[in-house]
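These are my notebook entries on a structure I went through today. I put down what I looked up, in the order in which I looked.

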Amino acid sequence: MGKPMRSVTHMKRSELISVAMGVRYRRRELDLLQRAIASILGQSHANLELLICENDSVQEARELLEWYAARDSRIRLINGTGTSLLSEKLNRCIGAANGAWIARQDDDDASDPLRLERQLAFLQEHPKYAFVGCNVRIEQEGGILGVRQLPPAPVVKDFLFVQPFVHPTLLFRRDCLDAVSSYSQAKSRYGCEDYDLLLRLYQAGYQGANLQDPCFTYHIPPPHVSNRPFSMRCNEVVTRWQRFKALGLLPRALPYVVKPAVVGLIPTGPLSRLKAAYRATAFHKENRHE
């Protein structure tokens, strides 16, 4: 790891990026967690702090986090005792953050070295946007399936079918998160806390954008493993109903409200094949235009 970096207290706060990572790491293999942390510590924009709120991880993961924190003063371990939801962990990180910018990073994904530098420059050059994400490479079982292309400047209607941002790629202006009280910790938002947050930001008049170059590797589970139980899909139905109603999209958006539940009723095998076919078609179109 080398010598510890200088304390963030000596850095310029106006350009200090606070990276929030909520961790509940249950794998025995630590390669993904190690890669995620290293990808933040290796950013070209070194004026950052990595806030990690952990609870209910395997012992090996906790020891790895402590090892990193002891060797790089930019890492701050936030007490995650009592947290069960990602939203709770992220809010604790945000509450302890020193930066004027809040970035996200998940414990099984990886940021390209220039990600934060490029996103910060974009927001500084485009004050109309409150947050920015980026296109992503989709990783599954150690291989890259392709690139997910996201709208460069999503509008509300882009949220109807599928969320037009990838949550862990986002960099926010701190004041916009404060204006909407950050993440909802309601249990009805479990599994869709990001969808709820972004729609509340749009409802408050904020806008987001996506860099069109992939600056991020997004890890998804194997085809036979679902990370969205039906209860989580029901939460998304409730969230869509409440947020779409507040945005004046009902009743015409009603089919999109019930979509998560309908998809959840499709058996795993056919659903996996449908997703694979969709991704193959989408990636083919994107690669054809590269």
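**Helix α6 and what follows**

I began with the backbone just after α6, where Gly205 takes a positive phi of about 100°. I keep in mind throughout that this is a predicted model.

I then turned to α6 itself, residues 193-203, and found that ten of its eleven residues are buried, so I noted the helix as mostly covered, with buried meaning under 20% relative accessible area. The buried residues include the charged-group carriers by name Glu193, Asp194, Asp196 and Arg200, and also Leu197, Leu198, Leu199 and Leu201. Looking for their packing partners, I listed the helices α3 (86-96), α5 (174-179) and α7 (230-246), together with the strands β6 (131-140), β8 (171-173) and β9 (208-220).

**Cysteines**

I next asked how many disulfides the structure holds. The count is zero. Cys53 is accordingly in no disulfide, and the nearest cysteine sulfur, which belongs to Cys93, is 5.1 Å away, whereas the cut-off for a disulfide is within 2.5 Å. I also checked cover: Cys53 counts as buried because its relative accessibility is 0%, and Cys176 is buried, with a relative accessible area of 1%.

**A nonpolar patch**

Last, I looked up the surface and recorded a nonpolar patch of about 340 Å², made by Trp241, Leu254, Val258 and Val262. Which helix gives the largest share of the patch? Helix α8 (residues 254-264) does, with three residues. Val262 lies in this helix, α8, and I entered Val262 as partly exposed because its relative accessibility is 49%.

Notes
Residues are numbered from 1 along each chain as its sequence is written. This is a predicted model: local features need pLDDT of at least 70, side-chain atom pairs count only at pLDDT 80 or more; totals for chains, interfaces and linings use all residues. Side-chain values use heavy atoms; hydrogens and water are left out. Patches are made of residues with over 30% relative accessible area and no salt bridge: like charges are joined within 9 Å, nonpolar side chains (Val, Leu, Ile, Met, Phe, Trp, Tyr) within 5 Å. Accessible areas come from the Shrake-Rupley method with a 1.4 Å probe; for residues, only the protein chains shown count as cover. A salt bridge is a side-chain nitrogen of Lys or Arg within 4 Å of a carboxyl oxygen of Asp or Glu. Helices (H or I, at least four residues) and strands (E, at least two) are DSSP runs, numbered from the N terminus. Buried means under 20% relative accessible area, exposed over 50%, partly exposed in between (1.4 Å probe, protein chains only). Contact means heavy atoms within 4.5 Å.
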